[in-house]
Amino acid sequence: MKYFCPIHLDRPLSQEALALTCAEGHEIPMEQCGRFSIPRFDVAEEREVSVNERLYVGDSLNVKYSNFLDWLFRTFRTSEVEFRKSIFERMSLAHGAEVLVTGCGNGDDLLVLSDLFGDLDLRLHGQDISNTMVTHSAGRLEDSRQVVELNVSNASHLPYGEEQFDVVFHFGGINYFSERAAAISEMTRVVRPAGKVVIIDEGLAPWLRDTEYGRMMLNNNSLWSAQPPLRELPLNAVDVCLSWVLANCFYLLEFSKDPEFPNVDLDVVHVGQRGGSIRTRYHGQLEGVAPHLRDMARRQAVSRGMSDSEYLAALIESDVARDSA
Ligand SMILES: C[S@@+](CC[C@H](N)C(=O)[O-])C[C@H]1O[C@@H](n2cnc3c(N)ncnc32)[C@H](O)[C@@H]1O
């Protein structure tokens, strides 16, 4: 798959030796890591990082994170591989699907997709802002028989063109991305209209927050108080489905996008005394008049068999016509 300049999104990048270049002169270095040539668009380890990003920087990050996952899945009495597999099974992945995993971490999802869904010949793509994580993922995926591409980049500026993926997936880190809304918007931009964005992260189900179980979970990990990012979904998100997994401590948010959204006719006129349409009621409001004048106008409208909206429009038009006569 072609990479696109994350600054000039309409520009595909061309590869020259171990670098990608954009027509505007941007050069993105690549690093050879076993079989993988890994473009490094935005490397957290190489710049001043935000408070959130500090969590993700450090040479031993991959070790710390796999210790955490081990604890997590033992706590939820679930096999990590079985859990990840079950999530992908519910997506009904098509043969040859292009799948992007954002914030891929140690590559656990990519490994499950590669090892357990091999007969689907998926085309797998992983990105993460941490060089440590991507390098570690590359080592683990070296023997994969699937098409796998990895890059170091920021999920809020994905280096892909529009609508390149059938599924865009994220597990476990988006609550702490420095620009969560931008990352969701990017994940939506690069998914195909018939495709799916699936996001899972910490967030205790609301009905558990005031139970002893809920309080114990929240006390253990403040991240579990996070709310699913419903307000950060883009305008064109449709078929939005929210559920909870892992003993209801993680939200699972999935949606598709409809480029035609909202496909509504704003000009259908209401039957009834008020009259008007969604558009005229919103954009056609005048200043307030005294209540007795409003009541007078309504009585006049009723006596002429008109809606309020039709009566006012007629009144204004006839006044303007009189002036210009
Ligand atoms: C908690 S880990 C989750 C790893 C992985 N998704 C998994 O399932 O185990 C979060 C990951 O998100 C990455 N990350 C944080 N901010 C990011 C951003 N803005 N863009 C891409 N990756 C980011 C971190 O480097 C880290 O590897």
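Begin by selecting L266, which sits in the loop between β11 and α8 (278-283); bear in mind throughout that the model on the screen is a predicted one. L266 is exposed because 12 other C-beta atoms lie within 10 Å, and a residue with 12 or fewer such neighbours counts as exposed. Once neighbours within four places in sequence are left aside, the contacts of L266 are S277, I278 and R279. Add T280 to the selection and draw the C-alpha to C-alpha distance: L266 and T280 are 14 residues apart in sequence and 8.5 Å apart in space.

From this loop, go back along the chain to β11 and display it together with β10. These two strands form a hairpin with 4 residues between them, and β10 and β11 pair in the antiparallel sense over 7 bridges. Among the bridge partners to pick out here are V245 and, in β11, F250. In the turn, select L246, whose phi is positive at about 50°.

Now add β9 (residues 191-202), which pairs with β11 (residues 250-257) in the antiparallel sense over 6 bridges. To locate this pairing in the viewer, highlight V198 and its bridge partner in β11, E254.

Next, widen the selection to the whole sheet. Which order do its strands follow? Read across, the order is β7-β6-β5-β8-β9-β11-β10, so written for an open sheet of 7 strands with mixed pairing. The edges are held by β7 (147-152) and β10 (237-245), each of which pairs on one side only. On average, neighbouring strands of this sheet are turned by 15° against each other, with direction ignored. With the sheet still displayed, select helix α6 (residues 180-190), which packs on the sheet and touches β5 (98-102), β8 (165-171), β9, β10 and β11. The direction of α6 makes about 150° with that of β9.

Leave the sheet for the helices, and select α3 (residues 80-89) with α4; their axes come within 10 Å and cross at roughly 75°. An angle from 65 to 115 degrees counts as roughly perpendicular, and α3 and α4 are therefore described in that way. To see the contact, show E80, V81, R84, K85 and F88 of α3 along with D108, D109, V112, L113 and L116 of α4. The residues of this contact divide into 5 nonpolar, no polar and 5 charged.

Keep α4 (residues 108-116) on the screen and exchange α3 for α5 (residues 131-141). The axes of α4 and α5 come within 10 Å and cross at roughly 15°, and the two helices are therefore roughly parallel to each other, since angles under 35 degrees count as such. The crossing in which α4 passes α5 is right-handed. Here L110, L111 and S114 in α4 meet S137, R140 and L141 in α5, a contact whose residues divide into 3 nonpolar, 2 polar and 1 charged.

For the last stop, follow the chain to D121, placed in the loop between α4 and β6 (123-128). Is D121 buried or exposed? With 12 C-beta neighbours inside 10 Å, D121 counts as exposed. Residues up to four places away in sequence not counted, D121 touches H95 and G96. Finally, select R299 as well and draw the line between the two C-alpha atoms: D121 and R299 are 178 residues apart along the chain, and their C-alpha atoms are separated by 71 Å.

Methods. Residues numbered from 1 in each chain as written. Predicted model: local features only at pLDDT ≥ 70, side-chain atom pairs only at ≥ 80, totals over all residues. Pairing = 2+ DSSP bridges. Axes fitted to C-alpha atoms, helices over the stretch in contact; angles between N-to-C directions. Contact = placed C-beta atoms within 7 Å. Buried ≥ 20, exposed ≤ 12 C-beta atoms within 10 Å, placed from the backbone. Parallel < 35°, antiparallel > 145°, perpendicular 65-115°, else oblique. Left-handed = near helix turned anticlockwise from the far one by under 90°. Nonpolar A, V, L, I, M, F, W, Y, C, P; charged D, E, K, R; others polar.
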